Amino acid sequence: MGLGILSAALGCKISATNPPEHSEQPVYKDEAFTDFFKRTSGWVAGDGAISIPLSDGRVVWLFGDSHIDDYDPATETVPCLFQVRNCALLQEKKDLQHPRTLIGQGPGFKSLFKNISDGDYWLWPGAGFQGGDAIYIYLNSLKKTGSGGAWGFDRAGNDYLGKTRFPQIEVESYMSLPDFNKINFGCGFVNDPKSGYVYAFGNKQASIESDVYVARFRATNPQSNWNFWDGKAWQADVSKAAVVTRAASTSVSVSKIKAKYLLTTSEFSVGCDQGKEIYVSTSRSPTGPFSARKRIFTIDDTVQGHHPFFYLPMAHPEFTNDKDELLITYSINGYEPCISSCVNGRGIPDHYRPKAIRVPLRLIDPDM
């Protein structure tokens, strides 16, 4: 099965000098949303689960490497190889039963976002936002390297913004982004209508952790004139971008809830029985400072006593319920090398599906 948007597509996936505060408050699995990802037709399994709320009440869910229409009900398995490098589910916000799968046309992989026919190159989706009659999605540009097995991929040049027509939800064009000095700015878009800016959060790997940065651009012109916070002011030179905080791994997601910017990250994990923790941190400003890390959940998924390879905890503020409980999803990608993900050419789809939890906002930050 694919590694999806792991390592933040070599990027998005606080400070380690102080031990994270541990929370003992109630966080629980959201069974309804966990079951939402247990599909047997259309999108069946994959990673990512990045959501974009739309102005008409619908939600677009973005996924990386995914299985499409390949579930076998007799064995409850899927082939070991996925069919697309990226795709989406289009959901009516209050309907968890009837989402529509969005994929592209061939030849080759029928990925929704595909700007080249060569299968050795592909796009993995990051964060997105709606701007009027368009939806803009950050797309990490990747390529095969020919070695390294499941890790045999690398950046393929500058990343892209994919422009999708609204309300049709049809891919329209791809806009090449500038060189961002190896920072992946697909970790979160926060659209601030009052200022007219979109704040874009990015990261760059630093050993097993990652440094987090912030940029901004005009919502009406997202493909150009990006400016970067240098610690004191906004300026156009990305090489002067300042680190606003540090994440626990390359899994990074930033969103805004009420008046706070929320950074969600996970403990480093690249295989079974490694990291199991999800952390949060908040700030009143997109430029920080961010609060100390708070550990809010230890994943409880196990098979034969082993925990999975897990990553990409994602907050979904649009699904905060009437109890002020935030929805957070995270991706798992099998239990290798403890347990084989592929037996006789088949795999268990639930070992490659996002899971969902509910976290009280007061637990994240008493001021929320």
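**Figure 1. Serine 51 in strand β3 of the predicted model.** Serine 51 counts as buried because its relative accessibility is 13%, and buried residues are those under 20%. The model shown here and in the following views is a predicted one. Serine 51 belongs to strand β3. Its side chain takes part in a polar contact of 2.6 Å with the side chain of histidine 316. A polar contact of 2.5 Å also links the side chain of serine 51 to that of glutamate 318. When neighbours within four places in sequence are left aside, the residues in contact with serine 51 are Val59, Val60, Trp61, His316 and Glu318.

**Figure 2. Threonine 329 and its polar contact with histidine 316.** Strand β24, which covers residues 325-332, contains threonine 329. Threonine 329 has a relative accessibility of 0% and therefore counts as buried. The side chains of threonine 329 and histidine 316 make a polar contact of 2.7 Å. Histidine 316 also appears in the view of serine 51, where a polar contact joins the side chains of serine 51 and histidine 316. Not counting residues up to four places away in sequence, threonine 329 touches Phe37, Ala49, Leu312, Pro313, Met314, His316, Lys355 and Ala356.

**Figure 3. The largest nonpolar core, with valine 60 as one of its members.** This core has 24 residues, and those that touch the most other members are Leu54, Val60, Leu62 and Ile169. At least two residues of the core are supplied by each of the strands β3 (43-53), β4 (58-68), β6 (87-92), β9 (134-144) and β23 (310-316). Strand β3 gives the largest share, with four residues. Which residues surround valine 60, leaving aside its neighbours within four places in sequence? Valine 60 is in contact with Ile50, Ser51, Ile52, Leu54, Ala88, Leu89, Leu90 and Ile169.

**Figure 4. A second nonpolar core and the surroundings of isoleucine 339.** Separate from the largest core is a second one of 23 residues, among them Ile278, Ile299, Leu326 and Ile339. Isoleucine 339 is placed in the loop between β24 and β25, the latter spanning residues 346-347. With a relative accessibility of 16%, isoleucine 339 counts as buried. Leaving aside neighbours within four places in sequence, Val303, Gln304 and His306 are in contact with isoleucine 339. How many residues apart in sequence are isoleucine 339 and cysteine 272? They are separated by 67 residues in sequence, while their C-alpha atoms are 8.4 Å apart in space.

**Figure 5. A nonpolar surface patch that includes phenylalanine 268.** Ile208, Phe268 and Val270 make a nonpolar patch of about 220 Å² on the surface. Phenylalanine 268 is located in the loop that runs between β20 (260-266) and β21 (277-283). Phenylalanine 268 counts as partly exposed, at 30% relative accessibility.

**Figure 6. The salt bridge between arginine 284 and aspartate 367.** The structure holds 19 salt bridges. In one of them, the side chains of arginine 284 and aspartate 367 meet at 3.4 Å, N to O. Arginine 284 is in the loop between β21 and β22 (294-298), whereas aspartate 367 is in the segment after α3 (361-364), so this pair ties together parts that lie 83 residues apart in sequence. Are these two partners buried or exposed? Arginine 284 counts as exposed at 59% relative accessibility, and aspartate 367 counts as exposed at 56%.

**Figure 7. Further salt bridges and a salt-bridge network.** Aspartate 35 and lysine 38 form a salt bridge in which the closest N and O atoms are 3.6 Å apart. Aspartate 35 is partly exposed, its relative accessible area being 41%. Lysine 38 is likewise partly exposed, with a value of 39%. Another salt bridge joins the side chains of aspartate 350 and arginine 353, at 3.7 Å from N to O. Aspartate 350 has a relative accessible area of 25% and is partly exposed, whereas arginine 353, at 6%, is buried. Elsewhere, Lys163, Arg165, Glu170 and Glu172 are joined into one network by salt bridges that share partners.

Methods. Residues are numbered from 1 along each chain as its sequence is written. This is a predicted model: local features need pLDDT of at least 70, side-chain atom pairs count only at pLDDT 80 or more; totals for chains, interfaces and linings use all residues. Side-chain values use heavy atoms; hydrogens and water are left out. Buried means under 20% relative accessible area, exposed over 50%, partly exposed in between (1.4 Å probe, protein chains only). A polar contact is a pair of N or O atoms within 3.5 Å; within protein, one must be able to donate a hydrogen and the other to accept it, and residues adjacent in sequence count only if both atoms are side-chain atoms. Contact means heavy atoms within 4.5 Å. Patches are made of residues with over 30% relative accessible area and no salt bridge: like charges are joined within 9 Å, nonpolar side chains (Val, Leu, Ile, Met, Phe, Trp, Tyr) within 5 Å. Accessible areas come from the Shrake-Rupley method with a 1.4 Å probe; for residues, only the protein chains shown count as cover. A salt bridge is a side-chain nitrogen of Lys or Arg within 4 Å of a carboxyl oxygen of Asp or Glu. A nonpolar core is a set of buried Ala, Val, Leu, Ile, Met, Phe, Trp, Tyr and Cys residues joined through side-chain atoms within 4.5 Å.
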